[in-house]
Number of protein chains: 2
Amino acid sequence: MNRIGVAEIVAIGSELLTPLRNDTNSLYLTQKLNELGVVVRRKTVVGDDVEDLARVVSEASQRADLLILMGGLGPTEDDRTREAVSAATGRKLVRDEGWVQWICDRFARAGRVLAENNLQQADLIDGAELLPNTIGTAAGQWIAGPCAIALLPGPPRELRTMFEKECLPRIRPMAAGTPITTRILRITGLTESFTDSLVGPIYRDLKNPVVTILSSPGSIELHLRAIDEGGRTAADLIAGVEELFRAKLGDHVYGTGDENLETVVSRQLLSLGKTIACAESCTGGLLATRLTDISGSSGYFLRGYVSYSNQAKIDDLGVPACLVESHGAVSSQVAEAMASGARSRATADIGVGITGIAGPTGGTETKPVGLVYISVSVGERIETSENRFMGGRSIVRFQATQKALDMVRMMLKSGVVE
Amino acid sequence: MNRIGVAEIVAIGSELLTPLRNDTNSLYLTQKLNELGVVVRRKTVVGDDVEDLARVVSEASQRADLLILMGGLGPTEDDRTREAVSAATGRKLVRDEGWVQWICDRFARAGRVLAENNLQQADLIDGAELLPNTIGTAAGQWIAGPCAIALLPGPPRELRTMFEKECLPRIRPMAAGTPITTRILRITGLTESFTDSLVGPIYRDLKNPVVTILSSPGSIELHLRAIDEGGRTAADLIAGVEELFRAKLGDHVYGTGDENLETVVSRQLLSLGKTIACAESCTGGLLATRLTDISGSSGYFLRGYVSYSNQAKIDDLGVPACLVESHGAVSSQVAEAMASGARSRATADIGVGITGIAGPTGGTETKPVGLVYISVSVGERIETSENRFMGGRSIVRFQATQKALDMVRMMLKSGVVE
């Protein structure tokens, strides 16, 4: 059996050679391949030109053990991957009648008209195995050989599903090399430079695990990557460093892996059997959107109010008009009244209120863009924070919801909610 | 003088072959090159291996007129770009004494200790021109020839500054192609393959403009890229094809460039002086989030209700309990009552109601995952659509808001709202 130690990834599509789009699928693929001990040695982006593409395929298949091609499997004239691989390998294309049937059925079910060009999605390189697509109509392909070649669709969900279901089981038994184990710690409430000043001295000179800090507004990630070494497993080596990190960072570590704050909070709410309602002004529904982005959210989320106008705050949340008049809509008093109002209207255990200035306009000297008040009401307790977020409108809005979720997380964690 | 028509971009650094980092510099470079008429034909990402890198350099310099290498110019052991280009071109490295002095001065000024390896940043390929770095200590390099080679630093600020100051003036007089003009048409309400069957016959054999279809759930983009040709300007050539496209696609073209549906709808609302309110169940606030993502949204958005529970629909929107009981929460009747309820509660000109099953759980035989009812209430009129969206939870939710925005757009366009 051939061994797979080195892979190359080729992203296909002229749009990826414009200033408009970048390949991001390769990050996911690299992660999955690394976990099996397969290293990615080169990534290439090529356009829809068949000759160019065929040249890339034949060159790369001489260097690597596995070549992953993604994109160019659609139904249009620009989708030339099948043709190029056929040219590079000298094998002809054969239409797969089973997949033709599958495409026809799918169009019929959806009540859509099938165009002739859709059927080219069933053209297989002679000798290739068909990789079923459970989401779209483009069939994937797997060509065994000294360099195995996988043809995968470009849309991320189709690519991921197909890679996990069809490619991983084929690659795993052939994978050579030491698996790289990755662990991600997710942190909120600290700046990147402050996080680095806390944990830098721990990881600075480490070679295994290697630690990388990635930062985005409202969230910082520490990536730990390790291999088995000197009788210790990668997991063990990572655990040792993670413990040191957690001792420095405490509750600022809100999660691991790819779990976001809404996932963590939803788990807390479900396990405590508590319900939540929210009232938002400047975030315009983003907090509700995040809280309901998780399947099963009807188990804890009761309702949300996007009380953009003052009248909405008064009508729907019972915020006293005099409070708005005396303190202004952007004030801790109004945030508190919104939180309590949402909670009592919904008879929820927890109420959240957010009011602020998302910008870029609407700021004043005393109430600048980025000023956001957030209140969380639980039992007899109400907590309010005054925040000054930096960045554009979307970034301010996201950070405000991040902070609100974190306040809920901390209150649930502290046992305030019985 | 050599002419530059085709460029290749190579990003160098093993960290770019991990799951953590992606090359984004190339989008900036592509934009700048395209503006001069230089097309990018291939992008490659390679690690710190000298042999690999040297091979990429010699292969690419046989295909392209300009090769841009970025990264690997630092002072560490991993910075091997100079060495690799030296190997690929057969020219030796020569230390530039002027740049050595510059590095020394800079370290002295910053009170930092100079390590010997810092001086390798002054090693030039024999015959190369030095490109001064005004931000960091890595010198860039320009090697003239049938394929010009630029060595640029990887950090985005250093790269951009050096490219603009040093490379653009060198490339401009040699740029062979004509500047590329891009125009994007944005389409909704059609599938990718149906769009292609409509416009494919128009653009299939066109070379100028070149047309690319990009598809994502709920939105399709047609990218038209053209150059001046035969006495006609690129803009003129694009306008001709755009007219043919619009004749086929009609109102399905909702925007151009990077404007999304919420931007288009907000512009319509502001110009007509109309207000909107919405009531959402399965979309959980995403419609409100999108409508308020635009600065100035308080000019048209009054309020939103995320009526997740049945009680919320009854309390806040006045949906009759009997309607929910007899037709179920996911029904056209409830969607209509939600739209009317939101509108009258808020005294808005337009009310939108959305109810459905976002999945992945909660579907039944008669009401499957992806079934979403959307109502828009305006004046005496109420329009309701029954939709069956495919894809995961987030994609169903996004598509539902996309459809809702599009219904509002079409009703505003039709003049229903006076």
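1. What volume does the second largest cavity have? In this predicted model, the second largest cavity has a volume of about 60 Å³. Residues of both chains line this space: from chain A come A:Arg42, A:Thr44, A:Val56, A:Glu59 and A:Arg63, and from chain B come B:Arg42, B:Thr44, B:Val56, B:Glu59 and B:Arg63. Sorted by class, the lining of the second largest cavity consists of six charged, two polar and two nonpolar residues. At least two lining residues are supplied by each of E2 and helix H2 (50–63) of chain A, and likewise by each of E2 and helix H2 (50–63) of chain B.

2. The structure holds three cavities of 30 Å³ or more, and the largest cavity has a volume of about 90 Å³. Its lining is made up of A:Asn22, A:Asp23, A:Lys43, A:Thr44 and A:Val45 from chain A, together with B:Asn22, B:Asp23, B:Lys43, B:Thr44 and B:Val45 from chain B. In the lining of the largest cavity, E2 of chain A and strand E2 (39–46) of chain B each provide at least two residues. By class, four of the residues lining the largest cavity are charged, four are polar and two are nonpolar.

3. Among the pockets, the second largest has a volume of about 1,600 Å³, and its lining takes in 46 residues, of which B:Gly13, B:Ser14, B:Glu15, B:Leu16 and B:Asp48 lie nearest the centre. Two or more lining residues come from strand E2 (39–46), strand E10 (210–216) and strand E11 (219–226) of chain A, and also from strand E1 (6–12) and helix H5 (156–171) of chain B. The largest share, three residues, belongs to E2(A). The lining of the second largest pocket divides into 17 polar, 17 nonpolar and twelve charged residues.

4. A reader might next look at A:Thr401, which is placed in helix H13 (residues 393–414) of chain A. Because its relative accessible area is 0%, A:Thr401 is buried. The side chain of A:Thr401 makes a polar contact, at 2.8 Å, with the side chain of A:Arg290, and a polar atom of the A:Thr401 side chain lies 2.7 Å from the backbone oxygen of A:Phe398. When residues up to four places away in sequence are not counted, A:Thr401 touches A:Thr283, A:Leu286, A:Leu287 and A:Arg290.

5. Another buried residue of chain A is found in a loop: A:Lys274 lies between helix H8 (261–272) and strand E13 (276–280). Why does A:Lys274 count as buried? The relative accessibility of A:Lys274 is 13%, and the cut-off for buried is under 20%, so A:Lys274 counts as buried. From C-alpha to C-alpha, A:Lys274 and A:His327 are 32 Å apart in space, while 53 residues separate them in sequence.

6. In chain B, helix H12 (residues 332–346) allows a check on its geometry: at 1.5 Å a residue, its 15 residues should span 21 Å, and since the C-alpha atoms at its ends are 21 Å apart, the expected and computed values agree. Several residues of H12(B) are buried, namely B:Val334, B:Ala335, B:Ala337, B:Met338, B:Ala339, B:Gly341, B:Ala342 and B:Ala346. Just after H12(B), B:Thr347 takes a positive phi of about 40°.

Notes: Residues are numbered from 1 along each chain as its sequence is written. Chains are lettered from A and ligands numbered from 1 in the order in which they are written. This is a predicted model: local features need pLDDT of at least 70, side-chain atom pairs count only at pLDDT 80 or more; totals for chains, interfaces and linings use all residues. Side-chain values use heavy atoms; hydrogens and water are left out. Helices (H or I, at least four residues) and strands (E, at least two) are DSSP runs, numbered from the N terminus. Buried means under 20% relative accessible area, exposed over 50%, partly exposed in between (1.4 Å probe, protein chains only). A polar contact is a pair of N or O atoms within 3.5 Å; within protein, one must be able to donate a hydrogen and the other to accept it, and residues adjacent in sequence count only if both atoms are side-chain atoms. Contact means heavy atoms within 4.5 Å. On a 1 Å grid over the protein atoms alone, a cavity is a set of points where a 1.4 Å probe fits but cannot get out, and a pocket is an open set with protein on both sides within 12 Å along at least five of seven lines; lining residues have an atom within 4 Å of a point. Grid points are joined across faces, edges and corners, and a volume is the space filled by probe spheres set on the points. Ala, Val, Leu, Ile, Met, Phe, Trp, Tyr, Cys and Pro count as nonpolar, Asp, Glu, Lys and Arg as charged, and the others, Gly among them, as polar. The expected span of a helix is 1.5 Å times one less than its number of residues.
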